[in-house]
Amino acid sequence: MDRVPILKIGDILLVSIQIDMEDQVALQLQEDLADRVVTTGCHGVIIDISGLDIVDSFVGRTLATIASISRVLDAETVVVGMRPAVAITLVELGLSLPGIRTALNVELGMALLARAKADERAGDSEWDEIDDEDAETAADAQP
Amino acid sequence: MSDPVERIAVSTDQDVVRVRQLVRTIAVSAKLSLVDQTKLVTAASELARNTLVYGGGGTVEVTRVDNGRRQGIRIVFADQGPGIADLDLALTDGYTTGGGLGLGLSGARRLVDEFDIETAVGQGTSITVTKWCR
């Protein structure tokens, strides 16, 4: 079975998917990435899908799951390089990839991760978001 | 003159990849636009996976078609699996019995121009999709 390589660049893990993945290969990547996030302590994951000419619901779900797993392990995931035709097809398929951050290319993805990290250091953003959500929930609960 | 039918038996993950590659090749030769190629290959991937996962394997047949005005591609996904008991429910976004997202069947239908499904409980399912060149 093919395996998708994972490269470590500084504080980021970079995955560039260049093959038409069997479902098992996608699931293996999910496991491999979780392991590498833990063993390297990286805080960012970039998944380059510019080599993919389609993203179906299985691969879409795998990307969303990778993002969720990484977040639980204290790493942010950015999916980069989606082709325009793939974006059009994904939306028509009904898959809008909620919870996944995207950027147009690897460079912009790295900038996005750097910004997220800087925000986190400044101690705002994430906690503010949670506070806001709590406030909204509380407001909804009011009669 | 009738166009040759390309046929793939689907019994493993690897066969789903072969279906995608075959549909891609024929979509390119039929001069479908890039977006339509992408939609058709994506729909084929969803339906071939359904044939494997829910139908227990089956066959996929791809043919070039011509209705006199336009050229297109027709794909038939057939299995002898358990069939679909409630078709309306199976075609609803988000409904799944297999732990997926429930977008395969309903999403694939949106990605093609024509979508026919024949199914009977205990006898299997046959889905025919067609995409026409614009």
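A:Leu108 is partly exposed, with 15 other C-beta atoms within 10 Å. The residue belongs to helix 4 (residues 106-122) of chain A. This is a predicted model. In it, 23 residues of chain B are in contact with 18 residues of chain A. Helix 2 of chain B recurs below: it packs with helix 1 of chain B, comes within 9 Å of helix 4 of chain B, axis to axis, and gives the most to the side of chain B that touches chain A.

**Chain A: fold**

- Chain A holds five helices and five strands.
- Along the sequence, the elements run β-β-α-β-α-β-α-β-α-α.
- Chain A has 143 residues, and 29% of them count as buried.
- Take the contacts in chain A with a separation of 6 or more: 75% of them join residues 24 or more positions apart.
- One pair to look at is A:Leu108 and A:Gly81. They are 27 residues apart in sequence, and their C-alpha atoms are 9.9 Å apart in space.

**Chain B: helix 1 against helix 2**

- Helix 1 of chain B spans residues 13-29, and helix 2 of chain B spans residues 34-53.
- Their axes lie 9 Å apart, at an angle of about 150°.
- Helix 1 of chain B is therefore roughly antiparallel to helix 2 of chain B, since angles over 145 degrees count that way.
- The crossing of these two helices is right-handed.
- From helix 1 of chain B, the contact uses B:Val16, B:Val19, B:Arg20, B:Val23, B:Arg24, B:Ala27 and B:Val28.
- From helix 2 of chain B come B:Gln37, B:Leu40, B:Val41, B:Ala44, B:Ser45, B:Ala48, B:Arg49 and B:Leu52.
- By class, the residues of this contact are 10 nonpolar, two polar and three charged.

**Chain B: helix 2 against helix 4**

- The axes of helix 2 and helix 4 of chain B come within 9 Å and cross at roughly 150°.
- These two helices are therefore roughly antiparallel to each other.
- Their crossing is left-handed, whereas that of helix 1 and helix 2 of chain B is right-handed.
- Helix 2 of chain B brings B:Lys39, B:Leu40, B:Thr42, B:Ala43, B:Glu46, B:Leu47, B:Arg49 and B:Asn50 to this contact.
- Helix 4 of chain B answers with B:Gly104, B:Leu105, B:Gly107, B:Ala108 and B:Leu111.
- The residues of the contact divide into six nonpolar, four polar and three charged.
- B:Leu40 and B:Arg49 take part here and also in the contact of helix 2 with helix 1 of chain B.

**Nonpolar core**

- The largest nonpolar core has 60 residues.
- Within this core, B:Val23, B:Leu40, B:Ala44 and B:Ala48 touch the most other members.
- Helix 2 of chain B supplies the largest share of the core, seven residues.
- B:Ala48 is in contact with B:Val10, B:Val16, B:Val19, B:Val60 and B:Phe77, leaving aside its neighbours within four places in sequence.
- Of these partners, B:Val16 and B:Val19 are among the residues of helix 1 of chain B that meet helix 2 of chain B.

**Interface of chains A and B**

- The contact pairs 23 residues of chain B with 18 residues of chain A.
- On the chain B side, helix 1, helix 2 and helix 4 (104-111) each supply at least two residues.
- Helix 2 of chain B gives the most, with nine residues.
- The chain B side has seven nonpolar, nine polar and seven charged residues.
- Across the interface, helix 3 (residues 84-93) of chain A packs with helix 4 of chain B at an angle of about 125°, with their axes 8 Å apart.
- That makes helix 3 of chain A oblique to helix 4 of chain B.
- A:Thr89, A:Glu92 and A:Leu93 meet B:Gly107, B:Arg110 and B:Leu111 in this packing.
- By class, this contact has two nonpolar, two polar and two charged residues.
- B:Gly107 and B:Leu111 serve this contact and also the one between helix 2 and helix 4 of chain B.

**Backbone: positive phi**

- Most residues other than glycine have a negative phi.
- A:Asp74 is not a glycine, yet it has a positive phi of about 70°.
- A:Asp74 sits in the loop between helix 2 (57-72) and strand 4 (76-80) of chain A.
- With 11 C-beta neighbours inside 10 Å, A:Asp74 counts as exposed.
- B:Lys31 also has a positive phi, of about 65°, without being a glycine.
- B:Lys31 lies in the loop between helix 1 and helix 2 of chain B.
- B:Lys31 is exposed, with 11 other C-beta atoms within 10 Å.

Methods:
Residues are numbered from 1 along each chain as its sequence is written. Chains are lettered from A and ligands numbered from 1 in the order in which they are written. This is a predicted model: local features need pLDDT of at least 70, side-chain atom pairs count only at pLDDT 80 or more; totals for chains, interfaces and linings use all residues. Axes are lines fitted to C-alpha atoms, for helices over the stretch in contact, and angles run from 0 to 180 degrees between N-to-C directions. Helices (H or I, at least four residues) and strands (E, at least two) are DSSP runs, numbered from the N terminus. Angles under 35 degrees count as roughly parallel, over 145 as roughly antiparallel, 65 to 115 as roughly perpendicular and the rest as oblique. A crossing is left-handed if the near helix is turned anticlockwise from the far one by less than a right angle, and right-handed if clockwise. Two residues are in contact if their C-beta atoms, placed from the backbone, lie within 7 Å. Ala, Val, Leu, Ile, Met, Phe, Trp, Tyr, Cys and Pro count as nonpolar, Asp, Glu, Lys and Arg as charged, and the others, Gly among them, as polar. A nonpolar core is a set of buried Ala, Val, Leu, Ile, Met, Phe, Trp, Tyr and Cys residues joined through C-beta atoms within 7 Å. A residue is buried if 20 or more other C-beta atoms lie within 10 Å of its own, exposed if 12 or fewer, and partly exposed in between; C-beta atoms are placed from the backbone.
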